[in-house]
Amino acid sequence: MEVFNHHIYEYRKGVRRLILHTADAASLEEMRKKLDRWRIDYAVFPLGPDRINLFFGDALCVEVIRKIGKASLMDYSDEEDFILGILLGYDKIQQCERYLLQRERRGVLAG
């Protein structure tokens, strides 16, 4: 819960607008209570019986994640992965490089 509480702190201070927190499913109820208390929007995606991905932050960012609607990040398309990285606040240039490299590896981009 220490990392989760730090994520809430970062969100409330405006450091990040979307957080991805992977946790034990057993912690979900306690995390929901805190997010509800702070009126922070969130979406939960199960990763099996014992783990979850919890996205939380600005309502618009969380809604984009809901629309993507995939529990596993491994199932994200290259474009969805790019969007997620930008929403999580990753470096834009590094995200562009990652996207182009992924596309090149798949043979999608022409020379």
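Here are some friendly notes on the predicted model above, point by point.

1. **Overall layout.** The protein contains 5 helices and 3 strands, and from the N terminus on these elements follow the order α-β-α-β-β-α-α-α. Its C-alpha trace spans about 50 × 35 × 25 Å along the principal axes. Of the 111 residues, 34% count as buried. If you look at contacts with a separation of 6 or more, residues 24 or more positions apart account for 49% of them.

2. **The largest nonpolar core.** This core has 13 residues, and F4, L35, L54 and F56 are the ones that touch the most other members. Two or more residues come from each of α1 (2-12), β1 (18-24), α2 (28-37) and β3 (51-57). L35 is a good place to start browsing: with its neighbours within four places in sequence left aside, L35 is in contact with F4, I8, I40, Y42, L54 and F56. As general background, nonpolar side chains in soluble globular proteins tend to be buried together.

3. **A second core.** There is also a separate core of 12 residues, and L18, F55, I65 and L88 are among its members.

4. **Y76, a loop residue to look at.** Is Y76 buried or exposed? Y76 sits in the loop between α3 and α4, and Y76 is buried, with a relative accessible area of 6%. Leaving aside neighbours within four places in sequence, Y76 is in contact with F55, I65, I68, K70, D81 and L84. Two of these partners come up elsewhere in this note: F55 and I65 belong to the second core. D81, another contact of Y76, returns below as a salt-bridge partner of R98.

5. **Salt bridges in general.** The structure holds 11 salt bridges. The general idea is that side chains of opposite charge can pair when their charged atoms come close. The next three points take individual pairs in turn.

6. **R16 and E10.** The side chains of R16 and E10 meet in a salt bridge, with an N to O distance of 2.8 Å. Which of the two partners counts as buried? E10 does, at 16% relative accessibility, whereas R16 is partly exposed, with a relative accessible area of 22%. If you apply the cut-off yourself, buried means under 20% relative accessible area, so E10 falls on the buried side at 16%.

7. **D41 and R66.** A salt bridge joins the side chains of D41 and R66, at 2.8 Å from N to O. D41 lies in strand β2 (residues 41-46) and R66 in helix α3 (residues 59-68), so this pair ties together parts that are 25 residues apart in sequence. Both ends are partly exposed: D41 has a relative accessible area of 24%, and R66 has one of 33%. The pair also belongs to a wider arrangement, because D41, E63, R66 and K67 are linked in a network of salt bridges.

8. **D81 and R98.** D81 forms a salt bridge with R98, and their closest N and O atoms are 2.8 Å apart. D81 lies in helix α4 (residues 78-87) and R98 in helix α5 (residues 92-105), so the pair ties together parts that are 17 residues apart in sequence. D81 is buried, with a relative accessible area of 16%, while R98 is partly exposed at 39%.

9. **Helix α5, its two sides.** α5 has 14 residues and reaches 20 Å from its first C-alpha to its last, close to the 20 Å expected at 1.5 Å a residue. Its buried residues are Q95, Q102 and R103. Seen down the axis of α5, these fall within an arc of 95°, so they line one face of the helix. On the other side, I93, Q94, E97, E104 and R105 are exposed. What covers the buried residues of α5 includes α4. α4 also holds D81, the partner of R98 in α5.

10. **Helix α5, its ends.** What caps the N-terminal end of α5? D91 does: one of its side-chain oxygens lies 3.0 Å from the backbone nitrogen of I93. After α5 comes G107, whose phi is positive, near 75°.

Key: Residues numbered from 1 in each chain as written. Predicted model: local features only at pLDDT ≥ 70, side-chain atom pairs only at ≥ 80, totals over all residues. Heavy atoms only, no water. Salt bridge = Lys/Arg side-chain N within 4 Å of Asp/Glu carboxyl O. Buried < 20%, exposed > 50% of the residue type's maximum accessible area, 1.4 Å probe, protein only. Helix = DSSP H or I, 4+ residues; strand = E, 2+ residues; numbered from the N terminus. Expected span 1.5 Å × (residues − 1). Arc of directions from axis to C-beta. Contact = heavy atoms within 4.5 Å. Polar contact = N/O pair within 3.5 Å; in protein donor to acceptor, adjacent residues only side chain to side chain. Core = buried A, V, L, I, M, F, W, Y, C linked by side-chain atoms within 4.5 Å.
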